[in-house]
Amino acid sequence: METTEITELVDSARLFSGFSSAEEKLLEEVGPEVIPHLSRVTDEFYKALSVVPKAQQFLDGRTEKLKTTHTNWLEYVFRGPYDDKYAAAMYEVGHVHFQVKLPLEFMEGGMTLILGALTPVIAESCGDDMQRFTRILCAINAALGFSLIIMQKSYQLSTLEGELDNFLQVTGMSRKLFDKLSQTNL
Ligand code: HEM
C-alpha cells in the first residue's frame with residue numbers, strides 16, 4: 001500500500017472509530033496501570049477462543065507463541081503512537097491473518113472478546129469513578145475499532161487481488177490489458 005493510501009485509510013478509520021488524539025492521550029495515561037494486567041487479558045482471550053471449534057486449527061501447537069505476540073500488541077495499544085507506521089503494521093497483521101486463511105469474522109469476534117476481557121481490568125482500576133471508567137472504555141473501543149478497520153481493509157484488498165489473479169489466469173488476459181480496460185469509460 002502506498003504511503004498516501006495509508007494516510008487516507010488512517011484518516012477514515014479515525015473518523016469511523018471516533019479515535020482522536022484525546023483517546024490516544026488517555027490510553028497512554030492509563031497504560032502504566034493497565035499494562036501489568038495484560039497477560040491476564042490475553043489468557044482470558046485464549047480461554048474464550050478455546051471453546052470456538054473453528055478456531056482450534058489456527059491455535060493448535062502455537063498458542064504460547066500467539067499469547068506472547070498478542071500481549072506485545074496489546075501493550076502497544078496502551079503505549080502508541082498511533083501513527084502511519086502503526087497503521088502499516090496493522091495492515092500487515094491483517095495480511096498475515098488473511099494468508100493463514102483466518103475467516104474475516106474472527107477478526108471482529110477477536111476484538112469483541114478482547115474488549116470483554118479488558119473491561120473488568122478497567123473496572124478494577126476505576127473503582128466507583130464511573131465517569132473515568134466510561135471514558136477509558138470508550139477510548140479502548142475506539143482504538144480497537146481503528147485497528148480492526150485497518151485489518152479489514154487489508155483482507156478486502158487481498159481478497160480482490162486474489163480474485164483478479166484467478167480471473168486473469170482463467171481468461172489469459174494480461175494485467176496490463178486489464179488495467180487499461182478498467183480505466184476506459186465504456
Ligand atoms: C482480532 C484481534 C487480533 C489481533 C490484534 C491479532 C494480532 C496478531 C499479530 C500481531 C500477529 C503477528 C503477525 C506477524 O507475524 O507479523 C498475529 C498472528 C496470528 N494470529 Fe492473530 N490477532 C487477532 C486475532 C486472532 C484470532 C481470533 C486468531 C485465531 C483464532 C488468530 C490467529 C493468528 C495466527 C494463526 C497468526 C499467525 C501466527 C504464525 O505466524 O504462526 N489471531 N496475530
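In this predicted model, T3, I6, T7, L9 and V10 of helix α1 meet D84, A87 and A88 of helix α6. Sort the residues of this contact by character and you get five nonpolar, two polar and one charged. As for the geometry, α1 covers residues 3–17 and α6 covers residues 84–99, and their axes come within 10 Å, crossing at roughly 95°. That angle is why α1 counts as roughly perpendicular to α6.

Helix α6 turns up again at the ligand. There, 19 residues surround the ligand, and the closest are A55, F58, V96, F106 and G110. Which elements give two or more residues to this shell? They are α4 (56–59), α5 (63–77), α6 and α7 (104–126). By character, the shell around the ligand divides into 13 nonpolar residues, four polar and two charged.

Now for the loops on either side of α6. Going from α5 to α6, you pass through a loop that holds P81. Have a look at the backbone here: the peptide bond from G80 to P81 is cis, and its omega is near 0°.

The loop between α6 and α7 has its own backbone detail, at K101. Phi of K101 is near 65°, which is a positive value in a residue other than glycine. Is K101 buried or exposed? K101 has 8 C-beta neighbours inside 10 Å, and a residue with 12 or fewer is classed as exposed, so K101 counts as exposed.

Technical notes
Residues are numbered from 1 along each chain as its sequence is written. This is a predicted model: local features need pLDDT of at least 70, side-chain atom pairs count only at pLDDT 80 or more; totals for chains, interfaces and linings use all residues. Axes are lines fitted to C-alpha atoms, for helices over the stretch in contact, and angles run from 0 to 180 degrees between N-to-C directions. Helices (H or I, at least four residues) and strands (E, at least two) are DSSP runs, numbered from the N terminus. Angles under 35 degrees count as roughly parallel, over 145 as roughly antiparallel, 65 to 115 as roughly perpendicular and the rest as oblique. Two residues are in contact if their C-beta atoms, placed from the backbone, lie within 7 Å. Ala, Val, Leu, Ile, Met, Phe, Trp, Tyr, Cys and Pro count as nonpolar, Asp, Glu, Lys and Arg as charged, and the others, Gly among them, as polar. A residue is near a molecule or strand if its C-beta atom, placed from the backbone, lies within 6 Å of it. A residue is buried if 20 or more other C-beta atoms lie within 10 Å of its own, exposed if 12 or fewer, and partly exposed in between; C-beta atoms are placed from the backbone.
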